[in-house]
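Hi there,

Here is the structure I promised to pass on. Have a look at it first, and then read my notes below.

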Number of protein chains: 4
Amino acid sequence: MPSAPSQRFVLTLACANRPGIVAAVAGHLSQAGLNILDAQQYDDTQTDRFFMRVVFDPVAGEVALDDLKRDFLPLADRFGMVWTLSDPGTPRRVMLMVSRFDHCLADLLYRWRIGELAFEPVGVIANHPAETYGHVGLGDIPFHHLPVTRDTKLEQEAKVWEIIRDSGAELVVLARYMQVLSDGLTAKLAGRCINIHHSFLPGFKGAKPYHQAHARGVKLIGATAHYVTSDLDEGPIIAQDVEPITHRDTPDDLVRKGRDIERRVLARAVRHHLEDRIILNGSKTVVFAD
Amino acid sequence: MPSAPSQRFVLTLACANRPGIVAAVAGHLSQAGLNILDAQQYDDTQTDRFFMRVVFDPVAGEVALDDLKRDFLPLADRFGMVWTLSDPGTPRRVMLMVSRFDHCLADLLYRWRIGELAFEPVGVIANHPAETYGHVGLGDIPFHHLPVTRDTKLEQEAKVWEIIRDSGAELVVLARYMQVLSDGLTAKLAGRCINIHHSFLPGFKGAKPYHQAHARGVKLIGATAHYVTSDLDEGPIIAQDVEPITHRDTPDDLVRKGRDIERRVLARAVRHHLEDRIILNGSKTVVFAD
Amino acid sequence: MPSAPSQRFVLTLACANRPGIVAAVAGHLSQAGLNILDAQQYDDTQTDRFFMRVVFDPVAGEVALDDLKRDFLPLADRFGMVWTLSDPGTPRRVMLMVSRFDHCLADLLYRWRIGELAFEPVGVIANHPAETYGHVGLGDIPFHHLPVTRDTKLEQEAKVWEIIRDSGAELVVLARYMQVLSDGLTAKLAGRCINIHHSFLPGFKGAKPYHQAHARGVKLIGATAHYVTSDLDEGPIIAQDVEPITHRDTPDDLVRKGRDIERRVLARAVRHHLEDRIILNGSKTVVFAD
Amino acid sequence: MPSAPSQRFVLTLACANRPGIVAAVAGHLSQAGLNILDAQQYDDTQTDRFFMRVVFDPVAGEVALDDLKRDFLPLADRFGMVWTLSDPGTPRRVMLMVSRFDHCLADLLYRWRIGELAFEPVGVIANHPAETYGHVGLGDIPFHHLPVTRDTKLEQEAKVWEIIRDSGAELVVLARYMQVLSDGLTAKLAGRCINIHHSFLPGFKGAKPYHQAHARGVKLIGATAHYVTSDLDEGPIIAQDVEPITHRDTPDDLVRKGRDIERRVLARAVRHHLEDRIILNGSKTVVFAD
C-alpha cells in the first residue's frame, strides 16, 4: 500500500504579547494530534507585539485545511490574533510584471522551472512587446502586453488590475517593472505585491539609482526587495544585499553588477513570501528566515 | 519602592524527537508561572534528534534557579533530555590562553571591559612572558607565564590544568594559543574549550595556514572557531568567516587581514557559548544565533 | 562623416622582473602612437616574476593587430616575455560542457544573450540528451549529446576532443560537467579550460562536496572556478565565493544555495578570462580584476 | 658589510588626461635610475581626468626625497599635475579625536602598537575626561580634555585647532568624535581629516543612525569613512562596509554590531590614507586599494 503524501501546514500569527501564547498554541496543536516541526517566534518589545510561525504535520492520518482553520479560530479569537494557516503543497498563483530589463523575470522563471521556487505563474504583464522577452522562454504562461504612456497611464493600470483580478493572483511581483503604481492599485495589492528597487534603500530612492550611486561615489551598491505601498520606495523592506564597487566602475558597470544583486534579493524575498516566512509589523517586516 | 531586578533564564535541551515536546515544555513553563520570551528549535531529520533553546522569565515575583531545575527534572527525564538551565545574569568564569600574537586576547578583553561580553576573566595563561602583553592592560587579571619546550610539554600542561581547575573556569578560550593540547587535557575540557584556527576549515589544517593559503593561491582566507577535541582542527565548528584576497597579498598581508577575521569569529563563538546558544550535535553544532 | 568604430587592444605579459620594463613598454606604445587607457602590474617578489596587463588604443587612425604584434616582438624578445595581444572586439569562440544540472549553462547563456559576456558559443556538449535542457533555449547553438559510461569513457572523450578541435573553440567551460577529463585531454586544453567546483577549495575535493560540507558541519559553503589540470580540483584558482549556512540547512538546501554561488563565481571567472585579465603564475593565477 | 636600509617612495598624481602620461612618467623614473615596483592608474572618462600612483625604489645607491621632488617638478608642470611624492618610511603625524565611545580609538592604537598601521600619534583630543579611556592605555600620547557645551563650542574648537596646529598633525582622525566641526575648521583640515559615520551613507545621515535604521527596518547596517567637509556626512567617501541584521536586532544590538563595522572601516580608510592610496576626485575618491 503506498503511503499517503505527507502533509505539512504553516501557521503564522501576530497579536499583543502576553504570557502563555506559546503554551496555548503548542497545547492546542498537540491535543489536535499535530506535531510541531519548526517554530520561530519574535517579541517586539517596543510595540509589545508577538509574532510566531509554526510548521506542523499530523501525527497520524490526514487532516483538512478547513478543519484546521475552524479548530484554530477560537484560540485565535481569544488572543486577538491576525493569522494565516496554509498548505505549502498548494502553490500560490503569482503574476509577474516586467519592463525592458528581464534578468529578474528570467531568474524567477528559471527557479520555478527547476522546482526551486514553488508557485504557479498565472501571467506576465509587460509594457514592452513579447519579442523583448523572446529568449526567456515564456512557454504557455499568458503574456499581456500593456504599453503605457503618460496619457494612457490610468487606462493601462485599469487593465493591469483587471488581469490580476481575473487571474486570481495571490502575489504580484514587480520584477523590474518600472512604472509607479497608483495609490488605488497599491491599496488593492497591500501585503501581496513585492518590488525590487535597485538601490540599498533608504539611499537613492527614485529614478536611476545606479547613476545616483556613481555620482555620490559610494563604495558599495545594493538592492532592496520590499512590499509596495503608496509611498514610493518606502514600503516594508523584506531583503537587501550589497556588493563592493570601486572608483573604476562606470554607471554601466554598476548596472551590470547590480543585476546579480537584484535577482538574488528578489528571489529571496519571493521565496520567503511563498513560504509564509514574512509577517508585517507596521512599516517593517518580521522575516523568519531559514 | 524600587522594582526588583528582572530575572531571566535560559534552558537548552536535546533529546530524541517525538511529538509533543514543545507542548510539554511550553505547558510546563506556563503552569509554573514562567513566560517564554524567546524559543528556537531544530529537528535534525538525519539523526531524528530534537534541540531547543528557551528564554523565559517569571510572570510575577522571583524564582530560584535551583527550584527551576528541580521542577524541570521530571519532564527532562521523561523525554531523556540532555539539558542545561542557567541564569545569564551570573557571568561565566573564563580562562584565556595565548601565545605571542595577542590580537584575539586584546579584543576579547576590550569587549569584556565595555560590557559587550559578559564573563569573568579568571586568568590568562601564556607561554610568553608578561611583558609581551604589556599594552593589552591585563590589570588585575591573574597572569600565568608557563613557557613550554619539547621536553617540558607534559609538565607544563599539568600546570595548565591545575590552574584551570583551581580557577573554577567554566570556559577555556584558546585565543591564538599555539600549543597542541594533549588528548588527556582535551578530554577534561570537552565542550568547554574554544579554539580559533586561522583558516577556513577543513582547508589548511595544521601549522602556518596563511602560508599554505598563499601557496595554494586561494582567493579568500578565513578563520574557524571550534570546540577543541583530540583530533587537531577537527572539533565541532561554531563560527567561520572569510575575506577576499588577491594575488597581490603576501603571506604577511594574509596574516594582517586574517587578524581581523580571527578576532571577530572568536568573539562571536565566545558570545554564543556564553549565551548558551550552542548545543553539540555529534561532531557538529546547533547554533541558535541571534 | 561617421566616426570609425573605436579600436582597443589588450596586452598581457609575464617575464623575469628587472628594472625598466614599464618604461620600455610605455615608451614603445607611446612612440607607436598608442595611448595607454589602463595598466595594471604585479611583481611576484617570491619568484621575482613580473606580470602586466595594458589596455591601449591608437591616438589617431586605425591599426592592424598583426602589425601591433610584429612591432612588439623585438621588445618581448629582449625581456623574454610570455605575452598575448588581442582585440577584445573579436569575441572568443567558447565551447560549453554540461551534465544534468544546467544552472551555470543557463546563466552563462543569459549573460551572453543580453551582451554582458562577449563570446561566441560554438557548441554545447552534454552527457544528457537535448530535452534535459529544453527550457534553456539553446536556439541555433550546435548541441552534441555524448553519453558516457565507464566502458565508453575513452571513446566519448575522443569525440569530445574532436568536436572541440573542429569548433575552433578557444575556451572550454565545464559548466557543471561532472565527468573527470583524462590527463591527455586536460593537457590539450591547458590554460583554456575552466571548471566550476562546488566547494571552497581546497576543502571538499571530489564527489558530493555539499554532502561532505553538511557532514563536517561547516558554517559557510562556497564554489571555486579554476583552470583544469590533470590533478583533480587542484588547478590554478581563478575565483571563489562563499555564503553563510546554518545547522538548519540540509544537503538539499546547500545544493540550492550553492547554485547561486556557482553560477556567479563561474561567470566572473569566464568574464575575467575573456577580458584577458588572468595570467598564469605557476600553479596560481594573477587576476587583474576590474 | 651591512646592506643599506631599502628605500621606497610613493608618487601620486592627477591631471587632465592626454596621451603619453604613463610613458613620460615611466621614462622619467627609468632615466633617473628608479625602478617601478607598483603602478596603478585610473582614467575618469566622465571628467577626462587621469590619476596615478607609483611606488618605486632606486636601482642602486640612495636618493634624497627632496632631489626626487626637484627632478620631478618640470614633468609635473608640463602636464599640470596635482601631485605628491613621499617616503613611506617616515610615519605621518596623526591626531586622534574621540568622544565617549572609544572602540575606534582603541582599535587604531592597537594596530599602531603592533606595527600594522605606521603613524606617529601626536595626541588624543577628547570631550570626555581621561579616565573615560583608562583601559585604552594611552601611555605617553599627549591627552587633551576639551569639554564642549553649546555655549563654549567656538572657544573649544579654537583650542582644538591650536593643538592640531602645534602638534604638526598631518592627519586628523575623528574616531567617533561626535561634535560637528565648523566650516572654518573643516576648511583648514580639507583632505586630511577622516571621519567615521555609523551608517551606510547616504542613508541615515545625522544623529542616531542606528536608531534610524531600526525604525526603517533595513536588513543591513553599515559604516562609512569619509573626508570631512563643511557639508555634514557629505564628504568624499573612502570606505564602506555592512553587515546583515534581522528584525530581532534591537537598536542596542545594532550599536554592538556596528562597532565591529566602524572600527574596521575606519582602520581601512586610515591605512589607505597613510599609504597614499587615496586621491581626491571632486566630491569622490580614487582609492588604489591593495
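What follows is a short summary of chain A and of how it relates to chain D.

A word on conventions: this is a predicted model, in which local features need pLDDT of at least 70 and side-chain atom pairs count only at pLDDT 80 or more, while totals for chains, interfaces and linings use all residues. Residues are numbered from 1 along each chain as its sequence is written, chains are lettered from A and ligands numbered from 1 in the order in which they are written, and side-chain values use heavy atoms, leaving out hydrogens and water.

Chain A contains seven helices and 13 strands (DSSP runs: H or I of at least four residues for helices, E of at least two for strands). Its C-alpha trace spans about 60 × 45 × 40 Å along the principal axes. Of the 290 residues in chain A, 59% are buried (under 20% relative accessible area, 1.4 Å probe, protein chains only). Among contacts in chain A with a separation of 6 or more, 66% join residues 24 or more positions apart (contact means heavy atoms within 4.5 Å).

Now the symmetry. A turn of 180° with a shift of 0.0 Å along the axis lays chain A on chain D with an RMSD of 0.0 Å (least squares on C-alpha atoms of residues with pLDDT of at least 70 in both). That is the relation of a two-fold axis. In chain A, G203(A) has the C-alpha nearest the axis, 2.4 Å from it. Both copies use the same surface: 100% of the contact residues of chain A recur in chain D.

Best wishes

Methods. Buried < 20%, exposed > 50% of the residue type's maximum accessible area, 1.4 Å probe, protein only.
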